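Could you walk me through this structure while I have it open in my viewer? I would like to know what to select at each stop and what is there.

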Amino acid sequence: MRNGGRLAAAIAVLDDMAEHHRPVRLALKAWGESARYAGAKDRAAVSGLVLDALRKSRSLAWAMGEDTNRALVLGAARFAWDWPLSVVAAAVGEDHGPGALNETESARLADPLGQGDAPDAVRGDFPDWLAPHMARAFGSDAAAEGAALAERAPIDIRVNTLKTDPARALKALAPFGARSARFLKTAIRADAPAASERAAPVEVLPEFAKGWFEIQDLGSQVAAALAGDIAHRQVLDICAGGGGKTLALAAAMANTGQLFAYDADGRRLADTQRRAARAGVRNLQVRSPFRADALTDLAGRMDLVFADAPCTGSGVWRRHPDAKWRLSPEQLDRRMAEQDAVLDAAALYVKSGGRLVYVTCSLFAEENEDRVAALLARAPEFNAEPAKGVADDHLTGGGFLRLTPRTAGTDGFFAAVLRRG
């Protein structure tokens, strides 16, 4: 495919998302199935254009003076990918291209509208209704924090110390320009791929198949590390999901003690045992939600309950940019109710003197500080303590951990540590 065909395909994918209300992943899959002629580089380019158009859709629409899917894709090519105007103009007129530029498009691609009087939601690329929530979390930095969430994310990797050590893992990952990351000795980072390229295929390395490392955002790794010294302990991961943090907890335990993994959605646990076997985990019990008494015997026995609660996912907009445009006030309300339910359930399993670590990948105080305060009001036997020991420079005034792409170079994460008296 030439550039014109790639531009036209990206516009078609965005049109398909709007018409059929599909998530971007399914829309790209549908296009790929219909475009058998497209090679790997073509698919990477089309996917990249679509995702960057979604990441920056408010600022691109402002720059172009219109918010059509065509304007967003042309704007992404010109301003996010730095194509010269001459390249964009030549591409749209090619066979299978989206059609020649009109006068307004030519003018805006040459001289985009400035953001001097643009609202925070435009400069930060988020929906208007979220402006008060972003302002509450970040004050005058709301637009800058949102803009950082509209950039591409790097590739972060967690070294599995059950199988290897950081030095050996770095050597295996050398072809991808990997280097040690901040905060944790077991964290490795590779740069985000170039605009038209796919992410580094870490999974094809034989060392990955051997369980030496997992792909996991650095913020997620830091959140899991707040569990602290849990060797020989009894630990419950009550929202285990796909098992990423479960495996990080298992490595911290060094196959001592007992680790229990549970999730209210049993389908999300499907890969946990397979991944755990590859990682060399031997102290894991997966508890199925299809049994009514799945966790009854654990009540009041856990040294640590790790609750990575369901949330809006606003902290991972870099990786899932369509999610911010699908989010609604009603969904935020539902997530807050789910978080209260998770915290109430998690509290039941913490023993006297034990800890509850509450984590979300959300930016919003309504899902974070407010939910902790509500639990402490309902359960006065718990007290919050500073989430120290891993990324202390990123503690809030209340002693909670808050990571963002702008301040920490990670996905957005919040964590609180609560101890039962």
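Here is a tour that begins with the whole chain and then goes from one selection to the next.

**The whole chain**

Keep in mind from the start that this is a predicted model. Show the chain as a cartoon and you can follow 19 helices and 12 strands. Its radius of gyration is 23 Å, close to the 22 Å that the globule rule gives for 421 residues, so the chain is as compact as a globular protein of that length. If you orient the view along the principal axes, the C-alpha atoms fill a box of roughly 70 × 45 × 40 Å.

Now switch on the surface. The accessible surface comes to about 17800 Å², and carbon and sulfur atoms account for 51% of that. Beneath it, 54% of the 421 residues count as buried. Among contacts between residues at least 6 apart in sequence, 74% join residues at least 24 apart. If you colour by charge, you will be looking at 53 positive and 53 negative charges, whose mean positions are 7 Å apart.

**Stop one: helix H6 and its surroundings**

Select residues 85–92, which form helix H6. Which residues of H6 are buried? They are Val 88, Ala 91 and Val 92. Look down the axis: these three cover an arc of only 90°, which puts them on the same side of H6.

Next, add the partners. The buried residues of H6 pack against helix H1 (3–20), helix H5 (69–80) and helix H7 (103–110).

While H1 is displayed, pick Asp 15, which is found in that helix. Is Asp 15 buried or exposed, or something in between? With a relative accessibility of 37%, Asp 15 counts as partly exposed. Draw a distance from its C-alpha atom to that of Thr 68: the two are 53 residues apart along the chain, and their separation is 9.3 Å.

Then move to the loop between H6 and H7 and select His 96. Its phi is near 70°, a positive value in a residue other than glycine. His 96 has a relative accessibility of 70%, so this residue counts as exposed.

**Stop two: the loop between H14 and E6**

Travel along the chain to the loop between helix H14 (244–253) and strand E6 (258–262), where you will find Ala 254. Here too the residue is not a glycine, yet Ala 254 has a positive phi of about 55°. Its relative accessible area is 44%, so Ala 254 is partly exposed.

Stay in this loop and select Gly 257. Gly 257 counts as partly exposed as well, at 33% relative accessibility. What does Gly 257 touch, leaving aside residues up to four places away in sequence? The list is His 232, Arg 233, Gln 234 and Asn 283. For a distance to draw, try the C-alpha atoms of Gly 257 and Ala 223, which are 34 residues apart along the chain and separated by 20 Å.

**Stop three: helix H15, a helix with two sides**

Select residues 272–279 to bring up helix H15. Colour its buried residues: Thr 272, Arg 275, Ala 276, Arg 278 and Ala 279. Seen down the axis, they fall within an arc of 160°, so they line one face of the helix. Turn to the face that points away from this buried side and you meet the exposed residues Gln 273 and Ala 277.

What covers the buried residues of H15? The cover includes helix H12 (206–209), strand E4 (213–215), H14 and strand E7 (284–287). Before leaving, click on Gly 280, which follows H15 and has a positive phi, near 80°.

**Last stop: Arg 287 in strand E7**

Finish on strand E7 by selecting Arg 287. This arginine has a relative accessibility of 11%, so Arg 287 counts as buried. Show its neighbours, not counting residues up to four places away in sequence: Arg 287 touches Phe 260, Ala 261, Tyr 262, Leu 269, Ala 294, Leu 295, Asp 297 and Leu 298. One more distance completes the tour: the C-alpha atoms of Arg 287 and Ala 209 are 78 residues apart along the chain and separated by 25 Å.

Note on methods: Residues are numbered from 1 along each chain as its sequence is written. This is a predicted model: local features need pLDDT of at least 70, side-chain atom pairs count only at pLDDT 80 or more; totals for chains, interfaces and linings use all residues. Side-chain values use heavy atoms; hydrogens and water are left out. Buried means under 20% relative accessible area, exposed over 50%, partly exposed in between (1.4 Å probe, protein chains only). Helices (H or I, at least four residues) and strands (E, at least two) are DSSP runs, numbered from the N terminus. The arc is that of the directions from the helix axis to the C-beta atoms. Contact means heavy atoms within 4.5 Å. The radius of gyration is taken over C-alpha atoms; the globule rule is 2.2 Å times the number of residues to the power 0.38. Accessible areas come from the Shrake-Rupley method with a 1.4 Å probe; for residues, only the protein chains shown count as cover. Lys and Arg count as positive and Asp and Glu as negative; His and the chain ends are not counted. The place of a charge is taken as NZ of Lys, CZ of Arg, CG of Asp or CD of Glu.
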